[in-house]
Structures are given as structure tokens and as C-alpha cells.
Amino acid sequence: MPEATNHVDDGIDYSDIENKYQVQYDDGFDNLVVVDGVPIIDKSKHGKLMDKVVKEFGKKGVSIKHDDIFMPWDSASGKSKGFMFIEFRNEDDASHAIAAIDNHPFDAKHTFRVNRFTDIERYADLDETYVEPQVEEYTPREHLRAWLADPHGRDQYVTYRGDEVLIHWHGKPSQSEVAYKPDWKDFLYVAWSPLGTYVATLHRQGVRLWGGSSWKAQQRFAHPLVKLIDFSPCEQYMVTWSNEPIMVPEGAIQGPQYFSPDDEGNNLAVWDIKSGDLLRTFSTYNEGDPPAVKKQMQWPVLKWSPDDKYVARITPGQMISVHELPSMYLQGKKSLKIEGVVDFEWCPLGEKDKEDIMVSAVPGAKPTKKVRENKLVYWTPEVANQPARVTLMGFPSRSILRQKNLFNVTECKLYWQNQGDFLCVKVDRHTKTKKSIFCNLEIFRMREKDYPVEVVELKDTVMDFSWEPKGERFAIVSSNDPNLGNPGPGVTIKTDVSFYQLDHGKNDFRLLRTLSSRTSNAIRWSPRGRHVVLATVGSSSKSELEFWDLDFNTDDRKEGQSDWGSGIQLLGVADHYGVTDVEWDPSGRYLATSASAWTHTLENGYAIWDFRGQELVKHIQDRFKQFIWRPRPPTLLSKEQQKAIRKNLREYSRAFDEEDAAEESNVSAELIALRKRLVDEWNAWRTLRRKELGEERLQKLQGKEDAKEEIEVWIDEVIEQTEEIVVVD
Amino acid sequence: MSTDCGHERSLTQIKFNAEGDLLFTCSKDNIINVWYSHNGERLGTYEGNNGTVWTVDVDPQTKYLVSGAADNTLRLWAVATGKCLFTWEFPTAVKRVAFNEAGTQVVCITEQRMGHQCAIRVFAINQEGDGTKQSKEPIFMFNPIGSKATVCAFTLQPHIIITGHESGKVALFNVKTGEEVDSNERAHGDVVTDMQMSKDWTYCITSSKDKSARIHDTKNLMVIKTFTTETPLNSAALAPSRPYVLLGGGQEAMNVTTTSLRQGKFETRFWHKVFEEEVGRVKGHFGPINTIAVHPAGTCYASGGEDGFVRVHHFDDSYFRAKPYGDLEIIE
């Protein structure tokens with residue numbers, strides 16, 4: 001810019017500004033590559049070679065022109081030097097070429113070796129002396145389950161309000177505190193993994209997992225615009241879904257953790273959590289589906305077997321495809337072709353099953369029992385002359401264990417008890433005229449030979465069904481309200497809640513008790529069973545919570561002696577206005593209710609109750625969105641150890657009782673001191689004012705109060721007593 | 001507990017007599033009622049006012065009752081007969097009345113309206129004879145400068161009254177000279193809605209629309225305690241014999257319809273007097289609580305609401321036994 005510098009006659013020196021804003025020309029050689037292993041040729045063959053090279057490169061997806069190639073010549077011999085330079089438009093193209101062409105066999109004798117021009121220089125100048133690399137100090141990774149070692153045995157929960165996430169400890173009031181305040185930004189929502197190891201946040205770029213005592217980022221999955229996620233039951237894998245099909249822009253980073261061009265157009269991805277690798281992608285758009293008709297998608301789309309060995313996916317009406325982990329190949333190379341299949345569920349693993357697996361997994365253990373097979377159940381509707389059918393299948397043997405035909409079926413819902421002991425198929429049936437709907441519960445007893453089925457017939461429509469965890473009872477919400485099915489504003493549907501229990505004598509399920517004319521529409525069993533909360537959720541006028549105990553009198557009476565259904569006792573009734581979510585903590589000690597701003601904006605916030613319905617905590621916070629307890633993994637104690645603890649509970653609880661007593665007596669030394677000071681100040685001020693008032697006046701005032709007896713108590717307190725013997729001569 | 005239903009419109013003030021056996025209530029329906037406090041039975045009415053009765057007070061002997069109303073009158077009633085003994089008329093409404101400790105004088109505040117300034121007058125009550133011979137003229141009268149007074153009470157010092165103002169100010173006035181003796185301009189951030197004296201008249205509690213209540217030393221106006229809630233307060237009372245204060249309030253009547261019932265916070269709140277911590281709540285009203293009074297012996301309390309109900313709650317044994325903060329002795 002000579003012109004600018006010539007204007008010094010203005011008396012202003014612009015050189016500093018010019019230096020600062022001087023355009024930096026790209027003078028690097030990063031877009032230049034060196035290709036070795038090129039045949040040494042005469043000038044005469046130059047053109048032919050160039051053609052061949054351009055063609056070879058083109059085959060690999062690297063387009064170059066003759067002009068981009070420069071081949072140096074040995075002027076003495078008149079032959080080429082066996083290498084050439086290629087100039088690309090930019091560095092990215094050069095990188096792409098290196099990846100594509102390096103090690104490319106040009107012909108039998110020649111293999112191309114491609115390097116960046118700048119690298120050649122660097123390698124030439126390399127220091128030849130060997131420097132021993134520093135051995136990095138081993139730093140142990142923090143324990144991802146550190147929270148379980150809490151000395152007070154507290155549980156954690158996460159709250160999401162506005163833009164703020166907080167992780168809390170929940171225990172006794174004095175032990176409840178904020179555990180961590182993360183600075184996670186811009187995400188849709190948070191989710192715990194099923195065993196509580198990780199907490200996931202869904203960002204625009206993908207999913208992030210956080211964990212450990214420091215809450216550091218543990219893993220990331222680059223699935224842009226992810227909307228839904230699902231963990232496998234053993235936390236080994238993760239599924240992510242976005243409504244937007246995957247796009248892989250040109251020049252995107254490639255690797256095992258990223259989408260490749262092959263994944264384009266899919267929108268469902270399966271990942272390995274430990275390595276972060278992408279295992280496979282799917283599309284949830286079925287071919288042949290008219291794109292205009294968008295059905296409500298079922299989530300999760302992929303259903304995991306409880307041992308993380310298989311993941312299955314249904315193509316409604318056609319088949320169930322089961323993939324093996326971790327390869328994600330189709331198991332047996334073919335899907336389960338089932339005409340008309342609507343829905344299926346895997347059978348969960350009970351604690352006993354898990355123990356068996358552990359035992360058989362120990363090396364050297366005798367394979368006494370047959371290895372337990374996974375089971376799944378599916379149902380098909382009535383087609384032509386075929387009745388509707390529920391089928392229980394073993395997998396991977398694909399053997400049909402039990403089949404049950406059903407008639408006049410509108411809809412089936414499959415409910416497994418969480419130990420896999422029972423399966424309930426809730427069958428909505430219609431009368432011949434299809435005008436009214438009633439309900440059958442087909443209950444499969446899974447632990448008995450030939451899987452006997454028993455039917456409970458009901459006249460009303462069953463809105464919700466729930467098994468008692470680890471139990472032999474279930475609860476249903478049923479209704480014959482005419483408003484059912486046409487919800488409107490202000491309409492609260494009247495419901496009945498019934499409890500059923502397995503009668504061991506007759507070996508069938510019998511009604512324990514029906515609680516009629518309620519508004520409850522949600523059943524929440526405590527994860528330990530026995531306690532159940534009935535809630536009215538999603539209503540603008542009702543928000544009642546009922547806390548029930550189903551074994552109220554078994555503590556004093558021996559089991560089996562009590563009358564049928566007499567143990568059911570209402571422990572407490574509470575109300576949380578506008579409640580949208582009801583969740584037990586993993587220990588079954590507390591219940592959390594929350595009103596999320598995602599559903600409505602009235603009195604958002606959360607409350608924590610004990611199992612009797614006593615309110616412990618209540619926070620009304622505007623823009624409150626989420627409350628989730630941190631799940632706990634199953635206990636590591638064996639059945640025997642648990643029994644031993646139960647037996648010696650009194651001894652174990654002593655330490656806790658003492659702790660409680662200590663806490664009660666001294667809430668905290670500080671608080672007591674503060675209170676003492678406040679009282680002292682108050683009393684000093686009162687004494688002063690009373691003195692000023694004069695004894696006489698005070699007497700008069702006191703006297704005006706109804707003549708109360710004045711009782712003066714003198715207390716002699718012996719603080720110390722010492723005896724001295726005085727020797728008198 | 002009993003619920004009285006003798007008023008058709010919202011309550012304005014309620015008062016126990018010195019013995020606590022009677023409860024006087026006044027409301028916007030122009031009538032003053034008197035009830036037996038132990039069972040809620042109505043003993044009688046005091047009729048004659050032609051407008052909202054804003055305020056009542058009863059003398060220590062339970063002989064005379066004074067009332068101030070929107071018909072610009074201050075009336076003296078015989079408690080026992082329900083007869084109106086004397087009427088004073090003013091240019092504007094009477095917003096607050098209060099007897100002195102002996103029952104010999106009455107202080108009243110008249111509204112600032114239609115060119116008339118807010119005025120504070122003190123009348124001597126002639127207890128001779130049947131009480132109908134009263135002097136028409138006040139013994140003292142003055143116009144407080146600045147923000148208008150909303151509540152007032154006598155103190156034990158001669159001629160000194162304590163006032164609460166629209167601006168949130170709490171002040172001491174010498175009624176003889178009309179001079180402001182002392183003031184705390186920032187006692188509250190909004191209208192002072194109620195003022196009740198302690199048993200020995202050495203301190204008082206005020207409530208305000210600024211959502212807080214405060215205990216003041218009546219000698220030097222020092223703020224001793226502050227109780228901060230999340231709702232505008234209409235009334236505050238001191239519980240004798242127990243270290244609690246009772247606060248009542250709620251959303252403004254005009255705003256209530258726009259919010260759900262439960263957002264109105266229509267509960268009587270119990271706060272610890274010394275630790276300034278909330279210790280409990282009593283539900284019951286369907287509208288804001290306008291006025292609270294506690295039995296002089298501390299055995300029950302009454303609340304009057306915008307909903308037209310007076311609720312009398314008797315404390316149970318556990319209320320007297322409970323020592324939620326340990327064995328610290330607190331001087332009343």
C-alpha cells in the first residue's frame with residue numbers, strides 16, 4: 001500500500017494501523033502434498049502418466065487437474081525423480097486426498113505414499129536423539145457410584161427450574177442440602193441413567209453424560225437435534241432419537257464416534273456408553289408409510305432385553321427384529337416374522353434370576369441349571385378367521401412357550417410384574433355390537449409349569465394397571481363414568497380403585513378391596529411394595545394424594561391370620577395443587593410430587609412427603625420443570641446378608657437412633673447459641689422496660705389479668721460438692 | 001373452635017374486652033355485634049350507624065364501647081344495654097378509635113377527604129352518670145403533618161400517642177401541642193394496617209401492606225423484631241403468655257378473583273416473637289383476613305375476614321405445652 005504511506009504529509013503516521021490491519025495472505029503450503037512412489041519415466045511418457053494419475057485419483061473421489069500436478073525432472077538423466085507435487089484448493093481437500101490416496105497401489109510395483117508438503121520439511125528437521133517419553137502418572141478415575149457411599153445413606157434428586165439445574169441430597173431436614181450446582185447450559189432436559197450412574201443432558205449438538213463425585217463430563221454422543229434418549233437396563237448402551245434425519249455435512253469429522261455418510265437419513269442411533277462409539281443407526285420412518293399420516297410414535301422404539309444382550313424393534317403388522325449386542329447384527333440373520341403383531345415386551349429379570357446368573361457366571365461353577373433364556377411376549381389382533389392371540393416366546397431359541405387365544409379384542413396392553421413372576425395382559429373387549437367396552441385381565445403365572453393363565457373379568461373400563469413391585473398384588477383404576485373418553489375442561493372423571501391379591505389357597509387372584517367414587521387416576525407403588533399412593537394427576541380442580549398401606553396390621557399379627565383385605569389402611573391424605581408428576585424415591589421412604597411448567601404455569605414447584613403423607617419439603621418456584629430422584633443400582637448384599645441385617649436390625653438401628661436423639665437435643669450448636677443470644681437480648685430489653693414502668697404499675701397491670709396465682713419456685717441446684725476434712729488438733 | 005356468622009359483609013375490626021369473655025366485631029354492614037367468646041353465641045348488637053363501621057374499642061371496665069364509622073360519626077355505646085349514649089359528628093369518616101389505659105380518654109383519627117385534612121382528636125369520657133353527658137368538643141385536636149395517619153393508640157406517657165401512617169411511617173405525637181415527638185419514617189414500606197399494644201403498653205406490633213409486621217418499642221420507636229411474609233398483611237396481634245405473634249392478610253379483595261383460592265394465602269400465621277420464624281398456620285377463611293385479636297389470657301384467638309366470617313379458635317393443650325425451641329425462658 002504505497003499510496004497510504006505516501007500520505008505522511010498529513011502529518012499523521014498510519015503505519016501502526018496499517019500493520020495491524022494488513023491483510024494476511026495465506027502463504028502456507030498446507031494445501032500442497034507430496035506423492036512418492038510415482039514411476040520414474042521419460043519425458044515422452046509424461047502425458048500418459050498424468051492421465052493415469054488423474055484417473056486413479058478420480059476413482060478415489062479426489063478430483064485433480066493436470067495443472068495442479070508438478071513433477072520435477074532430473075535434468076541430467078532426463079528422467080523424472082519418482083515424486084510429484086499436487087496443489088489443492090485448500091487444506092481440507094489436501095487432508096481428504098491424504099486419507100484417500102496414501103498407500104494406494106498404483107500398479108504392481110508402485111504404491112503411492114502421500115504426505116503433506118509441510119510435514120516433509122518437519123520430518124527432515126526432526127531431532128534424531130531419542131527422548132524417553134514421560135510416563136504419565138496413573139490417575140485413578142473417580143468412582144461413578146460415589147454417591148452411594150454417603151455416610152447418612154441419603155438419596156439424591158435433580159431439579160431443573162428456569163435455566164438452573166441443582167442436584168440435592170435428601171435426608172433428614174438437617175442433612176438435606178444442595179449437593180452440586182452444575183453450570184450446564186442450553187439443553188432440553190435432564191435424565192438419569194437407570195442405575196443412577198450418569199445424568200444426561202440433551203443439547204443441540206447431542207447428548208452429554210455427567211457423573212462421578214466431581215460431576216465431570218463422562219461421555220458425549222454427537223447426535224444433533226436429539227429429542228429423546230433411552231438407556232439400556234444395564235447402562236451399557238444408549239439410544240438417541242431426533243425427529244430430524246441425520247445429515248453428514250461435507251468435511252464432517254469422521255470416526256467411530258461420529259455419523260458417517262452411510263447413516264444419512266436415519267434418525268435413531270445406538271451408542272456404546274463406555275467407549276462413546278456409534279454402533280448403528282436406524283430410521284423410524286417405515287418404508288411404504290405415507291409420510292403425511294404421522295402416527296404417534298411409541299417410545300422407546302427399541303426395547304432392550306433385561307440383560308442388555310438383545311435389543312428389539314417392531315415393524316407393526318409384520319415383524320420383530322432382534323439385534324445382538326454389541327455387534328448390532330440381526331440375531332440369527334432373520335427377524336421374527338409375525339403377521340399382524342402390534343406390541344411386545346421383554347420379560348424382566350427378577351432378583352433371583354440375577355443371582356442365578358451371577359452364580360453360573362463364576363468360573364468353575366457347575367452348570368447345574370439350564371441357562372435362563374430371555375422371554376418376550378407379543379400379541380396379534382383378530383384377522384379374518386384368526387382369533388387375537390397372546391404369545392409367550394423364549395429367545396434366542398424362538399420356542400413358543402404359551403399361547404392364548406382371545407376374542408372380541410379391541411386392544412391389549414402387556415404388564416410384567418417387575419420380578420418377572422407374573423404377566424398381566426389387559427384386554428379391552430367389546431360386545432358384539434361394539435358399543436360398549438369392558439375389560440379382562442389375563443394373568444400368566446410365570447413361575448409355574450406350563451404358565452397357567454387365569455382371567456379376571458371386569459365390567460368397567462380399566463384406565464390404569466399396576467403391579468406391586470416384588471409383590472403378589474396389583475391395583476387397577478377403573479371407571480364407568482360416561483364422560484370417560486371425551487375429556488373436556490373442568491371434567492374430572494370419577495374412578496374406582498381396586499386391589500387384588502394372589503390367594504395362595506386357591507391359587508388365583510381375588511379382590512382385596514375396592515375404593516369407590518374417587519378421582520384418582522394414577523397408581524404409584526412404593527419400589528419396596530406395600531405402600532401405594534393414589535393420585536389425581538392432570539386435573540385442574542382436583543389434586544388429591546392418598547397414602548395407603550396394604551399391610552397395616554401384619555406387624556402385630558402373624559401373616560396369613562389376618563382377614564382378607566383387612567390390612568388395607570389409609571395413612572394420610574394430602575393435596576398438591578396442579579400436580580403433574582408423582583414419584584417415589586428409590587428407597588420407598590419418600591414421595592415427591594411436582595407441578596411442571598411444561599404442563600401448566602400455576603403454582604409450579606415440588607413437594608416431598610414421607611410415606612405417611614406428611615409434608616416434609618415444599619417449594620413453589622415459577623418456571624419449575626423437572627424433579628427426578630436419582631435411581632439406585634440393586635443392592636450388592638446377598639439374600640443371606642440382608643436376612644442377617646433384618647434379624648439384627650435393633651443393633652444396627654441403635655447407632656441411628658442415637659444419632660437422631662443427638663440431633664433432636666442439639667439441632668445445631670450454632671443455632672442454639674443464636675437463639676440463646678436472641679432470647680437474652682429480648683429479655684434484657686424487657687427487663688429494662690419493666691423496671692422503668694415501675695413495680696406498682698406492673699402490679700396493677702398484672703393484677704388486671706384474671707387473678708392468677710403467683711407461684712414462686714426456688715430451685716437449689718448443687719453444682720459441686722466437695723468434702724474437706726479439717727483436722728483440728 | 002366456632003365460626004360466627006352474623007355479618008353480611010367483610011369484617012373491619014374485632015376486639016376482646018379486658019376479661020376476654022366478650023368479643024366485639026364491626027363490619028361494612030353498619031352493625032356492631034357482641035358475642036360470647038367461649039361458644040360464639042351472639043349477645044347483642046349495636047345498631048345506629050349509617051355506614052361501614054371501621055373501628056371499635058371497649059374500655060377496661062367493659063362499660064363503654066366507642067365506634068367510628070363511615071357516616072362521619074364517633075359513637076359512645078353502653079356495652080350492657082346496647083344504647084347509643086352520645087354521637088360526635090365530623091366532616092369525614094372515622095377510621096380508628098382507641099381508649100387509653102384507664103378508659104378515661106378516646107383518641108380518634110378522621111379521614112383526609114374533600115378538602116378536610118386528616119385530624120386526630122382526643123375526647124375525655126365523662127363516666128359520671130349514665131354517660132350521655134359528654135362534651136362535644138375534643139380536649140385536644142391537631143392535624144398531623146405529612147402522610148395521613150391510619151392507626152393510632154395511647155402510650156403510657158401522658159399526652160403521647162403512637163401513630164401508624166399511610167407512608168409506612170410510625171410516629172409519636174404530643175396531642176397537647178400536636179408536635180411530632182419522634183418518628184421512624186421507614187418503619188414500613190407501605191400502609192400501616194394495624195397496631196396492637198402489648199399487655200404492659202411498652203411495645204406494640206404493627207402490620208403493613210409491605211408484607212411485614214414489626215414490633216416497636218413505644219418509648220423510642222426502635223424496631224425490635226421484624227416478621228417478613230409473602231403476602232400483604234392486614235392485621236397483627238401479640239399472643240399473651242406464649243412467645244408468638246399472629247399475622248393475617250392476603251391478596252387485595254379486588255385481586256382475589258384473578259387468582260386461585262389457594263394463592264390468596266388466607267391463613268393466620270403464627271410466628272415466633274423472638275426468633276422471627278414461622279411456627280404454624282391456621283386455615284379457614286375464604287378471603288383475606290382483615291383483623292385478628294387474641295384473648296387477653298391467651299386461651300383463644302379470633303380472626304375476621306373479607307368473607308364476612310369471624311372465626312374463634314381455642315388453643316389446645318399442646319399449644320401451651322409445646323416448647324418448639326427448648327427451655328429458654330422468654331419474658332413477656
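Buried means under 20% relative accessible area, exposed means over 50%, and partly exposed is in between (1.4 Å probe, protein chains only). The model is predicted, so local features need pLDDT of at least 70 and side-chain atom pairs count only at pLDDT 80 or more, while totals for chains, interfaces and linings use all residues. Residues are numbered from 1 along each chain as its sequence is written, chains are lettered from A and ligands numbered from 1 in the order in which they are written, and side-chain values use heavy atoms, without hydrogens and water.

**Exercise 1. Salt bridges within chain A**

Task: classify the partners of the salt bridges A:Arg473–A:Glu468, A:Asp610–A:Arg612 and A:Lys172–A:Glu659 as buried or partly exposed.

Solution.
- Step 1. A salt bridge is a side-chain nitrogen of Lys or Arg within 4 Å of a carboxyl oxygen of Asp or Glu. The closest N and O atoms of A:Arg473 and A:Glu468 are 2.9 Å apart, and both residues are buried.
- Step 2. A:Asp610 and A:Arg612 meet at 2.7 Å, N to O. A:Asp610 is buried at 8% relative accessible area, whereas A:Arg612 is partly exposed at 43%.
- Step 3. For A:Lys172 and A:Glu659 the closest N and O atoms are 3.4 Å apart. A:Lys172 lies in the loop between β9 (164–170) and β10 (177–180) of chain A and A:Glu659 in helix α8 (residues 649–665), so the pair ties together parts 487 residues apart in sequence. Helices (H or I, at least four residues) and strands (E, at least two) are DSSP runs, numbered from the N terminus.
- Step 4. A:Lys172 is partly exposed at 24%, and A:Glu659 is partly exposed at 33%.

**Exercise 2. Two buried residues**

Task: describe the surroundings of A:Arg116 and B:Ser37.

Solution.
- Step 1. A:Arg116 is found in strand β7 (residues 111–116) of chain A and is buried, with a relative accessible area of 16%.
- Step 2. Its side chain makes a polar contact of 3.1 Å with that of A:Ser95. A polar contact is a pair of N or O atoms within 3.5 Å; within protein, one must be able to donate a hydrogen and the other to accept it, and residues adjacent in sequence count only if both atoms are side-chain atoms.
- Step 3. Contact means heavy atoms within 4.5 Å. Beyond four places in sequence, the contacts of A:Arg116 include A:Asp30, A:Glu91 and A:Ile98.
- Step 4. B:Ser37 is found in the loop between β4 (32–36) and β5 (42–46) of chain B and is buried at 4%. A polar atom of its side chain lies 2.6 Å from the backbone oxygen of B:Gly20.
- Step 5. Beyond four places in sequence, the contacts of B:Ser37 include B:Phe16, B:His295 and B:His314.

**Exercise 3. The interface of chains A and B**

Task: give the extent of the interface and its salt bridges.

Solution.
- Step 1. 22 residues of chain A are in contact with 28 residues of chain B.
- Step 2. The buried area (accessible area, 1.4 Å probe, that two parts lose on being put together, summed over both) is about 2500 Å², with carbon and sulfur atoms giving 57%. On the side of chain A, A:Arg675, A:Trp682 and A:Trp685 lose the most area to chain B, together 26% of what that side buries.
- Step 3. The count between the two chains is four salt bridges. One joins A:Glu692 and B:Lys219 at 3.0 Å, N to O, and these two residues are linked with A:Arg689 and B:Asp217 in a network of salt bridges.
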